[in-house]
Amino acid sequence: MPQAVVADAVRFQYKDQSSWALDGIDLTLAEGEFAVIMGPSGAGKSTFCCTLNGLIPHFLRGRFEGRVTVLGKDTRQFRVSQLARDVGLVFQDFETQLFSTNVELEVAFGPENFGLPRAEIASRVREALSTVRLAGMERRSPTTLSGGQKQRLAIASVLSLAPRIVCMDEPTTDLDPVGKHEVFEAAARLRATRDVTMVIVEHETEEALGADRIVLMQGGRVTGDGPPRQVLADADALESAGIQPLDVVRLFRQLGEDRVPFTVDEALELMRARGWRLDGAAYARLVAQKRPPACGDPIIEVEGLRHRYASGVAALDGVDLTVREGEFVAVVGQNGSGKTTLVKHFNGLLLPTAGRVVVGGRDTRRAGVLELSKLVGYVFQNPDHQIFADTVFDEVAFGPRNFGVPPGEITRRVREALAAVGLSGYEQADPFALTKGERQRVAVASVLATQPRVIVLDEPTTGLDYREQRGMMQLIKKLNEDGHTIIVVTHTMWVVAEYAHRVVVMKDGRIMFDGPTREVFSHEEELTQAFLRPPQIVRLGNRLGHPLLTVEEARACLTKGGQGGGRLSLP
Amino acid sequence: MDVYLYLERDSAVHRMDPRSKLFVLLMVFAVAVLCNHPLPLLVLLVLVLAVGQVARVLGNLRRIWVMLATIGVLSTVIWSFWAGGRTRLAGPVELEAFLYGLATGLKLDTMIIAGMIFLSTTRNEEITAGLIKLGTPFAVSFAFSTALRLVPTFIGASVTVIQAQKSRGLDVSSGGFFSRVKKQLPMLVPVFVCAIRGTNQLAMALESKGFGAQRERTYYLEIGLGRLDYAAMVVSAALLGLTVYLKVRGWLEIPGLIR
């Protein structure tokens, strides 16, 4: 039996780049195997995916060395379109890979290209759609689907070619928690119903547990390879490779245990076996000590806000909210719940259909975006939607210049803003040549330089690896400590747990919960209904009867033996 | 934001062949162009609206009514003053000029509404399939429909880019001509960068799904001319014939109009 994938000393250097994106990859995947590839940004994960179906070396140009063999075929000898029946490749960005006007035709596109008979195509479309649970949506337009549905459609559109190898490059990065879950479920169903070899590039460590094997990549090389429980047990190695370790693994390492659990259930069992319990007195001290700092006067007041788009969609359906100066607020909720629509009202990008929004004492209906933006800075999700200048200096100076800040002052502000985001010395760099994480920082600096009192950040950590995410959040935390009011829209639950003082949960255009992070996260069941799942450590805390927000908090509250004030409630 | 006009309905108009719909659309355009009097144009508009009603796609009118109203009012006003006639209506405006303005507005609006109904009842892929049956090569037809498909994507990206730059204090509505042109740069660069990146990724996705794998390709979407298609083509061609006849007899003009 041939191996599914054999990569033999594969090196690849993109045209016009000086370093090797892949620098000697040796990897063999057996047929039917399920491998998850993990690694920091720039490790070469996506590049490796593109070698599997021949996009490298045929489509993406550069220097290619070594050999990739899929199901016995040397990828150099076959065109990408010929390999399409063997290897299905799903990309991260589902928006750009869907192009049909209805679901059925999207899935039919692959088999059409291979001239399959109509009846055969019809049965393949049916089967592919049922695997990803989109049956019944044949006539829907892909643009009307949710993010998770779109990505599952993208998966179905390669499944209809019946490939024996399916490779997904960060399929869940742009999705909300429920969308992520749907995609993993579809992947699991696919493996249960068909005999496929599966390669998924993924950042979500918890989801990687279900794989046969985890492959770690760094700097274009494979730096770790083994069963998940072996690879994930080494929390320090993961962290130094820029990958988020599992909360419970980190916790038990910090507790000094030799054995580590991987799931919440396992953690509870191990705690019981080893005599760990939650110390109620310590917990009370922790809660008192970690109480959010006192806040100032209201700076954003939202009353009875409704917003209806021109298309007739009611995105906000009666929102009341007051944000005080100095707060650190996280706005969470499923895609389409109205999060972004809400925060776009804060600097006047959107105006209320009904109700009102008062920012710094001014009704947004009477003040323009230009004026409100001096008070409320808005960092968009994708830095590529704003970067245009030749140098980082000009990019960051753009805002202050528009606001008529004098030149001497601009130089000082740019210097300060770049220092704040950790990009001092990058003034003359070309922003387009920076990494995604760095571009994200430039975007933050460019808003920071306008010195707004409130900073709204839409998904500031999406598309960044764990290390970059942490760096970004530390930066935002510091801005908050320096007095800026912070409003973050995010799907990343650990970011919320560790950094936000207050959480606003949106559902169907209304606020479902609004309160201190610890309290909101204790409503795990209701959050699940809003399709949100708290991080592992929070779920562990909830099972112990006391919501914990970080591994460090858990470490501080757990004691061994003796009688404390608290009780460990085990199922 | 959704800028597709297509509405999923189960109607006779939707089921028609894209080729016959295209033919009828061209006939409607021709009739509209030939008529210069508001009365026959009104009849044509009613017919077009009736088709839209049968197809149950007139809801899309909501999305373009501002444009339709603007065109209607502007044409009427401009021609009322621009053209001349024999019968005084009010002030410097003559009845003939007013009627002509009304006719021009109706003409443009009818053509737009007819186009809207075509796009509301015909899928992108059907247009592609129709073009292929008319002898266009697949690659060309596909490029055409993909271009249509990318329009909303680019509009969406442009809206975000404009919002992002406005949030950083970009004020395009002030300043002289050159400063306004210069202000387009912060909007154009990101839109182009995103467009190039998006098209590149689309190309990769197409390749990965076997685009152009072999010469012979199946077309999953079946189109074919039915009885209704032939009937519609005959009726619309007859309508054009009648219009040409009336035109030659001079009945479609406004007597006494001075342009």
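The buried residues of helix α12 of chain A are A:Asp247, A:Val248, A:Val249, A:Arg250, A:Leu251 and A:Phe252, and in this predicted model they offer a convenient place from which to start reading the fold. The helix spans residues 247-254 and is mostly covered, with six of its eight residues buried. As for what covers them, the buried residues of α12(A) pack against four other helices of chain A, namely α11 (235-240), α13 (264-274), α24 (536-543) and α25 (551-557). Just after α12(A) comes A:Gly256, whose phi is positive, at about 80 degrees.

From this helix one can step back to chain A as a whole, which contains 25 helices and 22 strands. Its C-alpha atoms fill a box of roughly 70 × 65 × 50 Å when the principal axes are used as the frame. A compact globule of 571 residues would be expected to have a radius of gyration near 25 Å, and because chain A has 25 Å, the value agrees with that expectation. Of the 571 residues of the chain, 53% count as buried. If one takes the contacts in chain A between residues at least 6 apart in sequence, 69% of them join residues at least 24 apart.

The domain assignment divides out two parts of chain A, domain 1 covering residues 5-228 and domain 2 covering residues 298-508. Taken over C-alpha atoms, the centres of domain 1 of chain A and domain 2 of chain A are separated by 33 Å. The two parts do meet, for 12 residues of domain 1 of chain A are in contact with 15 residues of domain 2 of chain A. On the side of domain 1 of chain A that touches domain 2 of chain A, helix α8 (residues 177-193) of chain A gives the most, with three residues. Sorted by class, that side of domain 1 of chain A holds three nonpolar, seven polar and two charged residues.

Two pieces of sheet in chain A deserve a closer look. In one of them, four strands form an open sheet in the order β2-β1-β4-β5 of chain A, with antiparallel pairing. The edges are taken by β2 (22-29) and β5 (73-74) of chain A, each of which has a single partner strand, so that one side of each is left without a neighbour in the sheet. The partner of β2(A) can be followed in detail: strand β1 (residues 5-14) of chain A and β2(A) pair in the antiparallel sense over six bridges, and A:Asp23 in β2(A) is the bridge partner of A:Arg11. Helix α1 (residues 45-52) of chain A packs on this sheet, where it touches β1, β2 and β4 (62-70) of chain A, and its direction makes about 120 degrees with that of β1(A).

The other piece is built around strand β3 (residues 34-38) of chain A, where four of the five residues are buried, so the strand is largely enclosed by the rest of the structure. Four bridges join β3(A) to strand β8 (residues 197-201) of chain A, and the two run parallel; here A:Ile37 stands opposite A:Val201 in β8(A). Strand β9 (residues 213-218) of chain A is likewise joined to β3(A) by four bridges in the parallel sense, and in this pairing A:Met38 stands opposite A:Leu216 in β9(A).

Beyond chain A lies its contact with chain B, which takes 54 residues from chain A and 45 residues from chain B. On the side of chain B that touches chain A, at least two residues are supplied by each of α6 (124-133), α7 (138-167) and α9 (185-208) of chain B. The largest share of that side of chain B, 13 residues, comes from α9(B). By class, the side of chain B that touches chain A has 19 nonpolar, 14 polar and 12 charged residues.

A single residue of chain B completes the tour. B:Ile258 is placed in the segment after α10 (227-248) of chain B, and B:Ile258 is exposed, because 11 other C-beta atoms lie within 10 Å and the limit for an exposed residue is 12 or fewer. Leaving aside residues up to four places away in sequence, B:Ile258 touches B:Ala83, B:Gly84 and B:Gly85. B:Ile258 and B:Tyr100 are 158 residues apart in sequence, and their C-alpha atoms are 9.8 Å apart in space.

Conventions
Residues numbered from 1 in each chain as written. Chains lettered and ligands numbered in written order. Predicted model: local features only at pLDDT ≥ 70, side-chain atom pairs only at ≥ 80, totals over all residues. Domains from an automatic or database assignment. Contact = placed C-beta atoms within 7 Å. Nonpolar A, V, L, I, M, F, W, Y, C, P; charged D, E, K, R; others polar. Buried ≥ 20, exposed ≤ 12 C-beta atoms within 10 Å, placed from the backbone. Pairing = 2+ DSSP bridges. Rg over C-alpha atoms; globule rule 2.2 N^0.38 Å. Axes fitted to C-alpha atoms, helices over the stretch in contact; angles between N-to-C directions.
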